[in-house]
Amino acid sequence: MSVTSKNQNMKIALCYKTEKIDDELVSNIKEKVLSYGFELNDSCPDVVLFIGGDGTFLRAVHQYYNELHKVKFIGLCKGHLGFFYSYDENQIDALLSDLKRGEVKSESHQLIKATVDNEEIYALNEIRIESPFHTLISDVYINDELLETFRGNGLVVSTSLGSTAYNKSLGGAVIYPSISSMELSEIAPINNTVYHSLHSSLIIDKDSEIVLKTKTDNILLGYDHLNKNVKFASSISLRLSNKVVVLLRNKDYSYTKLLKSKFVGDK
Ligand code: NAP
Ligand code: MN
């Protein structure tokens, strides 16, 4: 695919955690970027090159959140799980030459949107409501129908791309990111003869809405690596949004290979 019509003028921003990536690696990468005829530009890039782990990609997406319609992302993995990457630390030349020749695969991922107290919050992996101090109580509606009154530590609504993150730790299914969906998973649900919830992860289609009506104080709403407090008795609507993140991958990339290398192992 062609990344831009004028690849030689492509503007590249570098995104990394300064405390994790040493200056020498950064200046080496900067030199390489320039030697391939690209421009370095953090304020108005065509491509954001993120270096580090998956957390760095999440931070890059939130940093360029207002430019998502015109920015593409590509990652160089450095010492982390690296689920969003397809180039290793020693493959900077391969990354830049693939980018230059447009020989990369492009994936689009819808962000999930939470609307709460007239504010819109977006996430790539998931949105969580969690109650650190008391049992979280929340009614759960799917498309205006009451499914359950949940009691437990929290609820996580993940995108397909985020299904391998927190959702997977909760026993949720891994979903191929080519399937647009949301997955609702429970954190430590209370299930006994008095209280019941579904007690399994629930995958719902891309056009559906989940509404959580909370009945507990001191709730945290987590979104990717970020969080905010939610007022008592809030109504939180969750939907897939029309904001899309474009992630570039190596042309040999396949999701099945990625799952095998990151979770199953190569033996
Ligand atoms: P973090 O502690 O670095 O992230 C936890 C782990 O999740 C890291 O190994 C990270 O990979 C990996 N990860 C992130 N997104 C992933 C994805 N889509 N698929 C597979 N693995 C993924 O925390 P952070 O950097 O602030 O990232 C925030 C994310 O952490 C949240 O969105 C949430 O999904 C996840 N999280 C997980 C748990 C849990 O599993 N119990 C609890 C809290 C948060 P890297 O090492 O490459 O960064
Ligand atoms: Mn991380």
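Which element supplies the largest share of the shell around ligand 1? The views below are of a predicted model.

**View 1. Elements that form the shell around ligand 1.** Helix H2 provides the largest share of this shell, with 4 residues. At least two shell residues come from each of helix H2 (54-63), strand E8 (126-130) and helix H4 (166-169). In total, 20 residues surround ligand 1. Sorted by class, the shell holds 7 nonpolar, 8 polar and 5 charged residues.

**View 2. The closest residues to ligand 1 and their polar contacts.** Asp54, Asn125, Glu126, Thr164 and Ser169 are the closest residues of the shell. Asp54 places a backbone N or O atom 2.7 Å from an oxygen atom of ligand 1. Asn125 has a polar side-chain atom 2.9 Å from a nitrogen atom of the ligand. For Glu126, a polar side-chain atom lies 2.5 Å from an oxygen atom of ligand 1. Ligand 1 on its own has 830 Å² of accessible area, of which the protein covers 70%.

**View 3. The buried and exposed sides of helix H5 (residues 255-264).** Tyr255, Leu258 and Leu259 are buried in this helix. Viewed down the axis of H5, the buried residues fall within an arc of 100 degrees, so they line one face of the helix. Lys257 and Val264 are exposed, on the face of H5 turned away from its buried side.

**View 4. The surroundings of helix H5.** The buried residues of H5 pack against strand E16 (235-250). After H5 comes Gly265, which has a positive phi, near 105 degrees.

Notes: Residues are numbered from 1 along each chain as its sequence is written. Chains are lettered from A and ligands numbered from 1 in the order in which they are written. This is a predicted model: local features need pLDDT of at least 70, side-chain atom pairs count only at pLDDT 80 or more; totals for chains, interfaces and linings use all residues. Side-chain values use heavy atoms; hydrogens and water are left out. Buried means under 20% relative accessible area, exposed over 50%, partly exposed in between (1.4 Å probe, protein chains only). The arc is that of the directions from the helix axis to the C-beta atoms. Contact means heavy atoms within 4.5 Å. A residue is near a molecule or strand if one of its heavy atoms lies within 4 Å of it. A polar contact is a pair of N or O atoms within 3.5 Å; within protein, one must be able to donate a hydrogen and the other to accept it, and residues adjacent in sequence count only if both atoms are side-chain atoms. Accessible areas come from the Shrake-Rupley method with a 1.4 Å probe; for residues, only the protein chains shown count as cover. Ala, Val, Leu, Ile, Met, Phe, Trp, Tyr, Cys and Pro count as nonpolar, Asp, Glu, Lys and Arg as charged, and the others, Gly among them, as polar.
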